[in-house]
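Grab a pencil and open the viewer. Here are a few exercises to work through, each with a solution that goes one step at a time.

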Amino acid sequence: FIMGSPETEVGRDSDEQLHEVTLTRDFLMYAYLVTQAEYEALMSDNPSSRSGCPDCPVENVSWFQGAAYCNALSTLEGLDQCYICTGSGHSTDCEPSDAFATPYDCPGYRLPLEAEWEHAARSGDSRATYRGDLDGHGTGCNSPNAVLDPIAWFCGNASSPQPVGRLEPNAFGLYDMLGNLWEWVHDGFSDYGADPVTDPVGPNQRLDAVHRGSSWNFGARDARAA
């Protein structure tokens, strides 16, 4: 697939260099954002600043807590853990396990690689969103928004995180890939090159990890697949 965005895309950032990505490994992605109830059931903790909505996505979760949650899922299903973690709650510290040559090799649960996330968010669509490109006059909190309103919670149609799975999914059956809550990915930030890449992995910068997809309190321009 083609990752990044063309220079003509409304709302584009300068670091969205178009480049061809080949993913050679199949992967499964949960169809919904992890809810407060799901997180609390497994981790005995709910770090959300807006608790009391069990069907809303769990928020106020660090990258390290996200990795620890993946490990807990792996343990639950008897799979190898993809991270080495110590501590608990906001004192959790994790790093990718050195038992695997690349994150793609780990059979357990993990955060998606940034390339996997974008492939999943696009679900075969090359436009800004899987419902089309944004209007040049509607990149902020403008409401109504014909493109985003059916698929994404953003500052034009929400004032807090919303229960998961209430809007239209993409062609892969994934909900809330855009809007509602930012989503951590496995790798750290790095500039894209223009050359084709296969199974890319960004740098191991756990304190500069990338989050994608935008959130309920951000403008429409951020709720793009790139």
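## Exercise 1: around helix 2

**Task.** Work out what phi Gly 78 takes, just after helix 2.

**Solution.** Keep in mind throughout that this is a predicted model. Step past the end of helix 2 and you come to Gly 78, whose phi is positive, at about 70°.

**Task.** Now go back into helix 2 and find how many of its 14 residues are buried.

**Solution.**
- Start with the length: helix 2 covers residues 63-76 and reaches 20 Å from first C-alpha to last, close to the 20 Å expected.
- Next, apply the cut-off: a residue is buried when its relative accessible area is under 20%.
- Count the ones that pass: 12 of the 14 are buried, so helix 2 is largely enclosed by the rest of the structure. Among them are Trp 63, Phe 64, Tyr 69, Cys 70 and Leu 73.
- Finally, look at what they pack against: helix 1 (36-43), plus strand 3 (83-86), strand 4 (93-96), strand 5 (183-188) and strand 7 (209-212).

## Exercise 2: the loop residue Gln 81

**Task.** Say where Gln 81 is found and which residues it touches, leaving out those up to four places away in sequence.

**Solution.**
- Place the residue: Gln 81 is in the loop between helix 2 and strand 3.
- Check its cover: its relative accessibility is 35%, so Gln 81 counts as partly exposed.
- List the contacts: Gln 81 touches Asn 71, Ser 74 and Thr 75, along with Ser 97, Phe 100 and Cys 106.
- Tie this to the first exercise: Asn 71 and Ser 74 are among the buried residues of helix 2.

## Exercise 3: backbone oddities

**Task.** Asn 60 and Asp 199 are not glycines; what is the sign of phi at Asn 60 and at Asp 199?

**Solution.**
- Asn 60 has a positive phi of about 60°, and Asp 199 also has a positive one, about 45°.
- Locate each: Asn 60 lies in the loop between helix 1 and helix 2, while Asp 199 is in the loop between strand 6 (197-198) and strand 7.
- Compare the cover: Asn 60 is partly exposed at 44% relative accessibility, whereas Asp 199 is buried at 17%.

**Task.** Find the loop that holds Pro 144, then decide whether the peptide bond leading into Pro 144 is cis or trans.

**Solution.** Pro 144 is in the loop between helix 3 (114-122) and strand 5. Now read omega for the bond from Ser 143: it is near 0°, and the bond is cis.

## Exercise 4: the whole chain

**Task.** What order do the elements of the chain run in, from the N terminus on?

**Solution.** The tally is three helices and seven strands. Walking from the N terminus, you get β-β-α-α-β-β-α-β-β-β.

**Task.** Why does the radius of gyration agree with a compact globule?

**Solution.**
- For 226 residues, the compact-globule value is near 17 Å; the chain has 17 Å, so the two agree.
- For the outer extent, the C-alpha trace spans about 45 × 45 × 30 Å along its principal axes. Try one pair: the C-alpha atoms of Ser 44 and Pro 196 are 43 Å apart. Ser 44 is exposed, at 67% relative accessible area.
- Look at the contacts: of those with a separation of 6 or more, 63% join residues 24 or more positions apart.
- Finish with burial: 47% of the 226 residues are buried.

Terms used:
Residues are numbered from 1 along each chain as its sequence is written. This is a predicted model: local features need pLDDT of at least 70, side-chain atom pairs count only at pLDDT 80 or more; totals for chains, interfaces and linings use all residues. Side-chain values use heavy atoms; hydrogens and water are left out. Helices (H or I, at least four residues) and strands (E, at least two) are DSSP runs, numbered from the N terminus. The expected span of a helix is 1.5 Å times one less than its number of residues. Buried means under 20% relative accessible area, exposed over 50%, partly exposed in between (1.4 Å probe, protein chains only). Contact means heavy atoms within 4.5 Å. The radius of gyration is taken over C-alpha atoms; the globule rule is 2.2 Å times the number of residues to the power 0.38.
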